[in-house]
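Visitor: I would like to learn how to read a helix crossing and an unusual backbone angle in a model. Could we work through an example together?

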Amino acid sequence: MNTATDTLQFVRREQVAPAPPPVLVRGPLAWMRANLFSSIPNALLTLATLYLLYLIVPPVMKFFFIDAVWTGADRDACRAETAGRPIGACWAYVIEKINYFIYGSYPITERWRVNVFFALLAVGVAWMLWLDAPRRGIGAIYFFVVLPILSVLLLAGSRTLSLPPVQTSLWGGVLVTVVVSAVGIVFSLPFGILLALGRRSKLPIVRLFSVIFIEFVRGVPLITVLFMANTMLPLFLSEGMTIDRLMRPLVGVALFASAYMAEVVRGGLQAIPKGQYEGAQALGLSYPQMMGFIILPQALRIVIPGIVNTFIGLFKDTTLVAIVGIFDLIRTIEAARVDPNWATPTTSLTGYAFAAVFYFVCCWGMSRYSLGVERRLAAGQKR
């Protein structure tokens with residue numbers, strides 16, 4: 001006789017597909033509900049933002065792309081009277097002046113040297129930023145020793161390499177921006193580390209010198225440092241000695257960035273627990289070994305956002321070298337926009353838009369790389 005339980009027994013012969021999650025729990029609608037419309041104030045802000053985007057984005061897209069002029073030989077191509085229609089951005093002007101924006105007045109026949117410099121710099125940056133790159137120690141030697149020497153020989157000229165000299169007064173555009181920012185970034189980190197260690201040193205003279213330097217440099221704007229480097233630095237040299245006009249702002253930028261970097265690194269050093277120092281000393285490590293193998297790696301990992309933020313600020317602050325007569329990217333755009341052959345109402349705005357895109361791409365790239373490094377180090381810590 002079958003019982004009630006016998007009638008309820010069954011065997012599943014096929015795998016039943018799982019039911020999809022509710023629409024409002026997972027997916028785009030759930031994300032919008034949680035992040036954009038989670039409350040009445042949040043929903044009002046979202047709607048206001050969408051309305052502002054509706055007002056701003058279409059005119060911007062129309063000016064820079066739909067009504068833009070991409071080809072032309074002179075200003076007539078970017079004039080509404082000649083074209084017979086509304087004219088947007090004059091990209092033909094940027095295309096015509098692109099070589100000047102990149103090289104400045106660097107001799108045309110020697111611009112291949114600038115291209116080689118960019119290629120060597122790209123190799124060095126990729127070698128250093130690729131965390132899994134082979135022989136990164138050799139890469140560091142290449143980036144900090146070999147590359148600077150090769151760059152000077154290439155760009156300035158060398159009799160040994162049969163390269164004619166090129167005065168720095170002819171350098172300009174992206175070349176100068178990259179050179180100034182690269183010098184500031186490369187020298188600010190090691191000098192900033194030394195200053196941070198000096199400020200925490202137990203030697204009174206070393207600590208006093210570090211404190212005075214950091215506080216003095218951080219207490220004045222970069223423009224003042226550039227003017228001092230440009231006008232006062234030659235006064236400290238012996239008679240007959242001169243410093244290249246580009247070298248002066250390079251020194252000023254490097255010193256200025258080092259002071260800010262020192263405070264960033266010092267914050268990381270202070271965040272390390274005291275037990276790390278005591279443990280390193282208990283192992284019998286010397287001070288350089290303790291700092292190089294135990295303390296500094298942890299401190300620099302902590303302050304990666306601050307370091308990258310300083311680099312981004314330095315990269316944008318390179319535009320201030322134009323004040324002391326250095327033709328960086330912004331200065332070349334200002335010089336090119338007064339060309340009567342391209343004098344139109346949209347020429348200046350287009351040139352500055354090109355500069356904005358260049359700086360945004362570079363700064364965004366640095367920011368994204370730092371986020372990737374942070375995620376990788378955080379994942380390594382969790383394992």
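Guide: What follows takes a helix pair and then two loop residues, all in a predicted model.

Visitor: At what angle do the axes of helix 10 and helix 11 cross?

Guide: The axes of helix 10, residues 222-232, and helix 11, residues 247-271, come within 8 Å and cross at roughly 140°. Angles over 145 degrees count as roughly antiparallel, and helix 10 is therefore oblique to helix 11. As for handedness, helix 10 passes helix 11 in a right-handed crossing.

Visitor: Which residues make the contact between helix 10 and helix 11, and how do they divide by character?

Guide: On helix 10 the contact is made by Leu 222, Val 225, Leu 226, Ala 229 and Asn 230, while helix 11 contributes Arg 248, Pro 249, Gly 252, Val 253 and Phe 256. By character, the residues of this contact of helix 10 with helix 11 divide into seven nonpolar, two polar and one charged.

Visitor: Turning to the backbone, what phi does Arg 135 have, and where is Arg 135 found?

Guide: Arg 135 is not a glycine, yet it has a positive phi of about 50°. Arg 135 lies in the loop between helix 6 (111-129) and helix 7 (136-156).

Visitor: Is Arg 135 buried or exposed?

Guide: Exposed means over 50% relative accessible area, and Arg 135, with a relative accessible area of 64%, is therefore exposed.

Visitor: What can be said in turn of the phi and the accessibility of Ser 162?

Guide: Ser 162, although not a glycine, has a positive phi of about 60°, and it is found in the loop between helix 7 and helix 8 (174-199). Ser 162 counts as exposed, at 63% relative accessibility.

Notes
Residues numbered from 1 in each chain as written. Predicted model: local features only at pLDDT ≥ 70, side-chain atom pairs only at ≥ 80, totals over all residues. Heavy atoms only, no water. Axes fitted to C-alpha atoms, helices over the stretch in contact; angles between N-to-C directions. Helix = DSSP H or I, 4+ residues; strand = E, 2+ residues; numbered from the N terminus. Parallel < 35°, antiparallel > 145°, perpendicular 65-115°, else oblique. Left-handed = near helix turned anticlockwise from the far one by under 90°. Contact = heavy atoms within 4.5 Å. Nonpolar A, V, L, I, M, F, W, Y, C, P; charged D, E, K, R; others polar. Buried < 20%, exposed > 50% of the residue type's maximum accessible area, 1.4 Å probe, protein only.
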